[in-house]
Amino acid sequence: MAEDPRTTELRARTAATFPLVREQLEALVRIPSVSNPSFDQAHVRTSAEHVAQLLREAGLDEVHVLDAPAPDGGRGAPAVVARRPGPAGAPHVLLYAHHDVQPPGDRGEWDTEPFEPTERDGRLYGRGAADDKAGIVAHLGALRVLGAELGVGVSVFVEGEEEIGSPSFAAFLAEHRELLAADVIVVADSVNWKVGVPALTTSLRGMADLEVEVAVTEHAIHSGMFGGPVLDANVLLARLVSTLHDDDGDVAVEGLERAPDPEVDQDEAELRAEAAVLAGVRLAGTGPLTARLWSRPAISVIGIDATRVDEASNTIAPRARAKLSLRVAPGQDPLEARAALRRHLEQHAPFGARVTVTERDAGKGFAAPLDSPAMQAAREAFAASWGTAPVDTGLGGSIPFIADLLESFPAAQILVTGVEDPDSRAHGANESVHLGELEKVVLAEALLLDRLAR
Ligand SMILES: [Zn+2]
């Protein structure tokens, strides 16, 4: 099928502007904007100022570097916000990315300098080259491609603390609501399905943590004198934890929901390699791997307080404690899911042991409506840019700021788009972006903004 003339025109303009996109990306990668507080935060400030300058050069005149109060009593990392109103009646679109990065990690694991962008085999290597400085330059590139033809209002929001969990994000939204309010939000910080096949991330699991303590005696007692009729708290905690999964390894907690299975599945060998699973270890659960990773609940024990082996004596432990991390199916309220897990633990107290549950953090997941007008426009734009339709994917982890965005702008349509591909190694050594894919990302976003204007 012949390409429609508008796509051809924007494709040519994207190709013409791409050398600049790449130059901007390289300059950003050279700024080591690690938001982890044990690194020099002056670089995060420098990168915010640099992004502000790029936004001004892109023709956005209302550009601010702002921060908001953080929960620790200080100020959050600097974010950059730029706004340009659209024609009367046109929708307003918020373009999101983040300018902070993960620490580089062990230099010895990198083949090239982490903060010196280096091209190899069509990929640009460097910390942040994909996550998420590629997102920043994709937004800038799309705006440049459309230029004066941009038919929507836009706000660009580039935050500076995503990699530490966006602690001041909610406060920032509350303080600068009028700058950020939008009908459609494009979050360019996710992963495409593979090189050559785009994806829309349409679901994220939520999360909820709790601590469970099992107590059996008032104090420690001799294991020789009392062992037998009195089971120790470590054994009882192990028995309690073992009730969380059935023999197949599926979660066996009543009241935890599942979302429908995804349309794509992942290769088992690939997953085993990515997760570094030891040879001979069987994977847990039934059904498609993507369902187990994205659309069903998961429970992990992320910490245990028990007697240390070095300090062990012939004693029956009176109490033991574990921290559980529950991943919640997209669409289920995490507070409701956490309550279901609490009920299960209380009802399965082994041998009548005293079980005490303390609820901890919870965060909402995300389940995008699959047929909203913005989603439709994005599907068309992605299909036109790549020449192949996007697949709907999920993420097993949560993105904390998405929950905050949903909370602040419940009517907005959120599109989570990819700049990475499965080989990007975000957060790892040798992070990279595929330059050919990045060019398609820029074109897709220009086509999307063009469609949203109609
Ligand atoms: Zn990111």
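**Exercise 1. Backbone outliers**

In which loop is the place of A276? Classify A276 as buried or exposed, then treat S166 in the same way.

Solution. The model is predicted: local features need pLDDT of at least 70, side-chain atom pairs count only at pLDDT 80 or more, and totals for chains, interfaces and linings use all residues. Residues are numbered from 1 along each chain as its sequence is written.

Step 1. A276 sits in the loop between α8 (268-274) and α9 (289-295). Helices (H or I, at least four residues) and strands (E, at least two) are DSSP runs, numbered from the N terminus.

Step 2. Phi of A276 is near 55°, a positive value in a residue other than glycine. Most residues other than glycine have a negative phi, and most peptide bonds are trans.

Step 3. A residue is buried if 20 or more other C-beta atoms lie within 10 Å of its own, exposed if 12 or fewer, and partly exposed in between, with C-beta atoms placed from the backbone. A276 has 6 other C-beta atoms within 10 Å, so A276 is exposed.

Step 4. S166, in the loop between β6 (153-159) and α4 (169-175), has a positive phi near 50°. With 24 other C-beta atoms within 10 Å, S166 is buried.

Step 5. A cis peptide bond, with omega about 0°, joins D131 and D132. D132 belongs to the loop between β5 (123-125) and α3 (133-146).

**Exercise 2. The four-stranded sheet**

Give the strand order of the open sheet, and state which strands stand at its edges.

Solution.

Step 1. The order is β11-β13-β9-β14, with antiparallel pairing. Two strands pair if DSSP finds at least two bridges between them.

Step 2. β11 (298-305) and β14 (354-363) each have a single partner strand, so they stand at the edges and one side of each lacks a neighbour in the sheet.

Step 3. Neighbouring strands are turned by 20° against each other on average, direction ignored. Axes are lines fitted to C-alpha atoms, for helices over the stretch in contact, and angles run from 0 to 180 degrees between N-to-C directions.

Step 4. Seven bridges join β11 to the antiparallel strand β13 (residues 319-328). Within this pair, A298 stands opposite R327 in β13.

Step 5. Helix α7 (residues 233-242) packs on the sheet and touches β9 (206-215), β11, β13 and β14; the direction of α7 makes about 20° with that of β13. Helix α10 (residues 334-347) also packs on the sheet, touching β9, β13 and β14, and its direction makes about 165° with that of β14. Contact requires C-beta atoms, placed from the backbone, within 7 Å.

**Exercise 3. Cores and domains**

Which residues have the most contacts inside the largest nonpolar core, and how many residues of domain 1 are in contact with domain 2?

Solution.

Step 1. The largest nonpolar core (buried Ala, Val, Leu, Ile, Met, Phe, Trp, Tyr and Cys residues joined through C-beta atoms within 7 Å) has 88 residues, and V93, I185 and L415 have the most contacts inside it. Helix α13 (residues 435-452) gives the largest share, 10 residues.

Step 2. A second, separate core of 27 residues includes V212, L326, V328 and A340.

Step 3. An automatic or database domain assignment gives domain 1 (5-203 + 365-452) and domain 2 (206-259 + 296-363). Their centres, taken over C-alpha atoms, are separated by 39 Å.

Step 4. Nine residues of domain 1 are in contact with eight residues of domain 2. On the domain 1 side, β15 (366-367) and α12 (400-408) are the elements that give two or more residues.

Technical notes: Contact = placed C-beta atoms within 7 Å.
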